[in-house]
Amino acid sequence: MKYRIGILCYPSVGGSGILATELGMKLAERGHDVHFITSSIPFRLNAYHPNITFHQVEINQYSVFRYPPYDMTLSAKIASVIQTFGLDVIHAHYAVPHAVCAALGREMAGMKTPIVSTLHGTDITVLGEDEELKPAILYGLRQSNAITAVSNSLKEETFARIARDLPIQVIHNFIDESVYQPQSDPLLRERYGLGEADQVVIHISNFRQVKRVDLVLEAFARLDVPNKKLLLVGDGPLMGAMRRQVGEMGLEDQVIFAGKQEQVAALLAISDLHVLLSDKEAFGLVALEAMATGVPSVVSDAGGLPEVITDGVDGFVVPRGNAEVAAAAMQRILTDQSLRDTFKQTGLENAKRFASHDVVTEYERLYEQVVQS
Ligand code: GMT
């Protein structure tokens, strides 16, 4: 069956937006009619496709509003898209406001359009800690006809923090294999001033507290590896603090700030090791991107990361908050070429567990289930 699917997501850089956009594009390729309802064009929605329509949520800036009513405007937009295009299903990525707005939009439209809500992580692990927001999260999830979480760990956390009786199904994330695959671009290394002998460690994130970039810097500083370089990709509130830390540690010549990048496959491919030492991480899409590109990872044991990286098999999983142990694991990978090759090969094989084809099919089955019930 082909469906008319409304997708709600954060369009800016971030794992949940990337996943929602990739899913929408794959569904369109399979013949479904996909409607993105977001505040701006999702940043990776670069493929023109006749089955994709983008509906922009434009907020009325009427001067009486102290706070522009985004959630209400989004709900009204959902209602109008349901009515105009006869959506069969709404897929809300992230519990707040999307699952809540999906429910309100459906109500406004006076329809029974089924809602699938996908939990991505911080909607539960950070926002779920806020007692004021919990009723909204719970409302959005109870109104959903199906709930998915991107890892087993997130499913368990949702039970613990929100409600034990929620019917949550785990559907892991996927990446676009045609983009994330081994590749080489010697010119790119040159452009970043990297010599042939340089050993490149890469970290990619939104530089928020939860990502513990301070630990990445500390672990990198501890490495006893000649020609080490740290490529920091991203931007965020901790950028200033990170630059200060780099200065205090005297690492200016070894750290490269590459800024926010939309496509990171090529940057991963010029790296020898990927590092992600987050305090919380529901899945860690970037670890999967690294694995599929053939770059081994050292990750913390936070949340769903151990469901992506298998310790000692395709990378190392280290305890949270310990730069010393992380540095030892990084040192092993950087100084042992045969271990690195083994991790690379096993990683390429293991990345297939998250094959886009299978994951998209799982979502299709779920749509079928909710539409038919
Ligand atoms: O990691 C972030 O801060 C961004 C966040 C988001 O909402 O986009 O990412 C979350 O969703 C991703 C896609 O499912 C997951 O891969 C990330 O692990 C998750 N982040 C956290 O749990 C901190």
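In this predicted model, the protein is divided into two parts: domain 1 (4–174 + 355–372) and domain 2 (186–353). Domain 1 is thus built from two separate sequence segments, 4–174 and 355–372. The C-alpha centres of domain 1 and domain 2 are 30 Å apart. Their contact draws 21 residues from domain 1 and 16 residues from domain 2.

The ligand occupies the largest pocket. Both domain 1 (4–174 + 355–372) and domain 2 (186–353) contribute residues to the shell around the ligand, so the ligand lies between them. The shell holds 17 residues. S16, H120, K211, E281 and A282 are the closest of these. By residue class, the shell divides into nine polar, five nonpolar and three charged residues.

Individual polar atoms of the protein approach oxygen atoms of the ligand. In E281, a polar side-chain atom lies 2.7 Å from a ligand oxygen. In N206, an N or O atom of the side chain is 2.9 Å from an oxygen atom of the ligand. G15 approaches through its backbone, with an N or O atom 3.0 Å from a ligand oxygen. On its own, the ligand has 480 Å² of accessible area, and the protein covers 91% of it.

The ligand site can therefore be placed at the level of the domains, because both domain 1 and domain 2 supply residues to the shell.

How values were computed: Residues numbered from 1 in each chain as written. Predicted model: local features only at pLDDT ≥ 70, side-chain atom pairs only at ≥ 80, totals over all residues. Heavy atoms only, no water. Near = heavy atom within 4 Å. Polar contact = N/O pair within 3.5 Å; in protein donor to acceptor, adjacent residues only side chain to side chain. Areas by Shrake-Rupley, 256 points an atom, 1.4 Å probe, with all protein chains shown as cover. 1 Å grid on protein atoms, 1.4 Å probe; cavity = no way out; pocket = protein on both sides within 12 Å on 5 of 7 lines; lining within 4 Å. Sits in = over half its atoms within 2 Å of the grid points. Nonpolar A, V, L, I, M, F, W, Y, C, P; charged D, E, K, R; others polar. Domains from an automatic or database assignment. Contact = heavy atoms within 4.5 Å.
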